[in-house]
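Thank you all for coming. I would like to walk through one structure this morning, going from helix packing to the relation of the chains and then to a few backbone details.

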Number of protein chains: 2
Amino acid sequence: MKKFLFLLITICTAQSYAQDSTLIKSKVANAITELKDFVLLPNDANNADDIDTNLYWLRKKFTERGFNSSILETEGLPLFFAALPIDDNKPTILFYMHFDGQSVDISKWDQQNPYEVVLKSKEEDGWKTESFDALNDDINYNWRLFGRSTSDDKGPIIMFLNAIDILQKEQKTLPFNIKVILDSEEEKSSAPLPKAVRVYRDLLKADYLIINDGPVHSSGKPTIVYGCRGITTLSITTYGPLRPQHSGHYGNYAPNPGMQLAHLLSSLKDTDGRVLVNGFYDGIELNEATMAVLKSVPDNANEINTNLAIANPEKVGSFYQESLQYPSLNIRGLGSGWIGKNARTIVPAEATAELDIRLVPESDGNRLKSLVKEHIKNLGYHVMSTVPTREERMKFDKIVTIMEGNVTDAFRTDLTNPFGNALVKTMESKFGEKPVQIRIMGGTVPISPFINELKIPAFIVPMVNPDNNQHSPNENLKIGQIAYGIQLFHAILHSTVVPE
Amino acid sequence: MKKFLFLLITICTAQSYAQDSTLIKSKVANAITELKDFVLLPNDANNADDIDTNLYWLRKKFTERGFNSSILETEGLPLFFAALPIDDNKPTILFYMHFDGQSVDISKWDQQNPYEVVLKSKEEDGWKTESFDALNDDINYNWRLFGRSTSDDKGPIIMFLNAIDILQKEQKTLPFNIKVILDSEEEKSSAPLPKAVRVYRDLLKADYLIINDGPVHSSGKPTIVYGCRGITTLSITTYGPLRPQHSGHYGNYAPNPGMQLAHLLSSLKDTDGRVLVNGFYDGIELNEATMAVLKSVPDNANEINTNLAIANPEKVGSFYQESLQYPSLNIRGLGSGWIGKNARTIVPAEATAELDIRLVPESDGNRLKSLVKEHIKNLGYHVMSTVPTREERMKFDKIVTIMEGNVTDAFRTDLTNPFGNALVKTMESKFGEKPVQIRIMGGTVPISPFINELKIPAFIVPMVNPDNNQHSPNENLKIGQIAYGIQLFHAILHSTVVPE
């Protein structure tokens, strides 16, 4: 599939950047130099010193471009905030990006130092290292920059800064005020962020939020995302004999916790994957216009299924995007006794299923967990939130412990939002085709609580290639995406027209 | 429960041995001395030298008692065979015992050397070591001998030898020929034994087999066992995406192997534990006489349930002994993804259930496995015995790998067998009450194939206390059980009358 994707991106690149000016090319060259410099600063948020070094670097770079900046202290590590001088008559866009990166396991990278950017070209038989001098003649948009955070998420910050350079060079009056908040703990779940919104509400006040993180759609096409699913978890444990028992002596006598769990779990979903818990899908309605947008996403079902190596998907939705509009109920783990070589002839003492539930805005996490618990109660289980005592085990025929995880809410901005429509128009006129519009991403972003706290329309506008190995060794950024990002930031800030 | 058991055994002992003669007491004293000597020889069958040393010792002891003996070479370690001179006009009893023992983990024993017998008395607050000199005045039948194989299974061999001593002293003509086969690899599953039967068929020719291994019924009462369940295993794996996938991106789309497995497993049994697979219980009939014997076993359901800490057992049988008359289908292990602290938000690539099936003579292991496979096929699964290829995963909606384990058959001698009836009468007249008759034990003995190969009526007549810590640290033998064993061997050989 990777090869296929690669072709798609190549075609897309060729179309989109045919008209690139010399100016863009020079800014791409500058961005590469700046990104090399930025990536050279380790940015593991487990190390506060790393974050300080990066903050210092950011302050310098934003100040050079005329931004006022602040280091915002939080309960965790400090955030970086910057703004161009504010005109109260203009609407304000707040951009969110992050400069911390995933920890690196150097031994798994194909380069000596993940913080020292390596330039590579793709050959038939793999990646070939290139000299940066080779870029002096012409910049090959298919070559890539390898290093931690090239894509996630230092690359977009650099694209933003270089787009600002062009706007300033053009001396155009912008229709928006610009604020930037740069997170230092995104890879650690952005825990301090929601509270920081409350502390710094005036500073962060804005009309729109644009998040530049994550990759574009797998087709490689320009993409705008309106939301992300939330998540919560349940851990369900059933009980057999107090201690594991000999399956000869007690097989047919001691209740088997795995079999109980199988009955419990199989009652939660039908064999097509649809949740059978009463009220689980309540409130979700997909009208015609919404369905049209979902269907417009250029997903290739064959490609997805081939990648997963499945004959057919579950039937919650009739196609991939539709399936994401619903909350999921997923068995992420099962355990009882031992399997494989370690299997022993026992009736195990307990069996556990770990579930995760992906949320959509219609499905409050606590409500869904209550529905599941109610469903299990109706099966005749005595539901507990602690491990049962010997006395409780002897009192109830069917007993289950359900431990609940935290809820991270979903967020979703309406597809009809005027600023969203304006962004789509900007992207369409810039790149010659409507962007891929993702109503809701399947995954969960840690900044959901931050977005929900801000209470303004939020949009994810990803800038980087889908095959960037984000969070993994050999993270990389396609140079063409730098050109894409610079132009897209430039276009958004310069030519987006929000209808009155 | 242990305390209760202890009381029961004490009462039983008091009743049974009230009439013990001085002769018996002197033989018990001799048996203790011989057992100390025998246990001193390490007998781990992983060490062939251990077995050789024990063989030498056995040869000496049996020869002293007038037995002809042979070391029978096998594909594994040698077996020990002994017989008193044969009279062709008498029926022959073959006794089976074993002299190998479980490996020891010295660090877990309460004594320095598990092969050096320690004498202990039970105090309110635990076990107290006693000097062997204390036995000179009187032998306390409640004291115990601690050491590897005191109970499993060197103790019974010593009891047998001392019973022979009495018979020889009494110079009585015995109604049986006596043969003895002593296994050297019982704790390693007695693999060479079935073939040895074929090689040494003439030597082992007998009319009845008596196995002296394992403990008496948990009530501590004299016990005779007519059979043991067999065992086979199935390992069942269902498949989701080829590799674990992000549960956000693919929750509601990629089929979940754990949910498939839950549906599959829950179709195998109802919530009361009854197997729903067509034909699984075929051929099993429990007539009134059988039910009467099953009900006569002095099991204490409250005690069993309290020990297991369960409110109610499964409903295959209406009480413990009845439940053992049926084959079981037990989930001994479940695994998919990770549980507990290691849980990750994934759709796992596969889910596995390990099943064991305990067999009764009516239920051939291969037949039952076929029935389960047929059942799973009827659920719409493509059933394979290997891991599916990517192409197979993409071809079939529901795919399962079923790996089959070996079959160890059950054995069961009919409750109406005349020799069995005679043994029951012998025990009844010796101990003043009918022995506990166990129609079939829940567990599986490795010598089942040997028993089935011999094709003669077989009976387990256990000699040792139920709380002997067999296979565990601090294995022990209650001295009262030595008196019991000596008297029982003596009675069986001397006064059992088989009706014509």
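How are α2(B) and α3(B) oriented to each other, roughly parallel or roughly antiparallel? Before I answer, please keep in mind that this is a predicted model, in which local features need pLDDT of at least 70, side-chain atom pairs count only at pLDDT 80 or more, and totals for chains, interfaces and linings use all residues. Residues are numbered from 1 along each chain as its sequence is written, chains are lettered from A and ligands numbered from 1 in the order in which they are written, and side-chain values use heavy atoms, with hydrogens and water left out.

Now to the helices, which, like the strands, are DSSP runs numbered from the N terminus (H or I and at least four residues for a helix, E and at least two for a strand). Helix α2 (residues 22–39) of chain B packs against helix α3 (residues 48–64) of chain B at about 155 degrees, with the axes 10 Å apart, and the two are therefore roughly antiparallel. The axes here are lines fitted to C-alpha atoms, for helices over the stretch in contact, and the angles run from 0 to 180 degrees between N-to-C directions; under 35 degrees counts as roughly parallel, over 145 as roughly antiparallel, 65 to 115 as roughly perpendicular, and the rest as oblique. From α2(B) the contact (heavy atoms within 4.5 Å) takes B:E34, B:D37 and B:F38, and from α3(B) it takes B:N54, B:W57, B:L58 and B:K61. By class there are three nonpolar, one polar and three charged residues in this contact, where Ala, Val, Leu, Ile, Met, Phe, Trp, Tyr, Cys and Pro count as nonpolar, Asp, Glu, Lys and Arg as charged, and the others, Gly among them, as polar.

The helix α2(B) also packs on α4(B), at an angle of about 140 degrees and with the axes 9 Å apart, which makes this pair oblique. Residues of α2(B) in this contact include B:E34 and B:F38, and those of α4(B) include B:I158 and B:I166; the whole contact divides into nine nonpolar, three polar and five charged residues.

In chain A, let me turn to helix α4 (residues 154–170) and helix α16 (residues 479–495), whose axes come within 8 Å and cross at roughly 50 degrees, and which are therefore oblique to each other. Among the residues that make the contact are A:F160 and A:L167 of α4(A) and A:I486 and A:F489 of α16(A), and by class it has eleven nonpolar, five polar and one charged residues.

How, then, are the two chains related? Chain B superposes on chain A by a rotation of 180 degrees with 0.1 Å of shift along the axis, at an RMSD of 0.1 Å, and the copies are thus related as by a two-fold rotation axis. Of the interface residues of chain B, 100% are also interface residues in chain A, so the copies meet through the same surface.

Finally, the backbone, where some context helps. Most residues other than glycine have a negative phi, and most peptide bonds are trans. Against that, the peptide bond from A:D152 to A:D153 is cis, with omega near 15 degrees, and A:D153 is found in the loop between β6 (144–146) and α4 of chain A. In chain B, the bond from B:D152 to B:D153 is cis too, with omega near 20 degrees. A:S190, although not a glycine, has a positive phi of about 50 degrees, and this residue lies in the loop between β7 (177–183) and α5 (193–199) of chain A.

Terms used. Least-squares fit on C-alpha atoms with pLDDT ≥ 70 in both.
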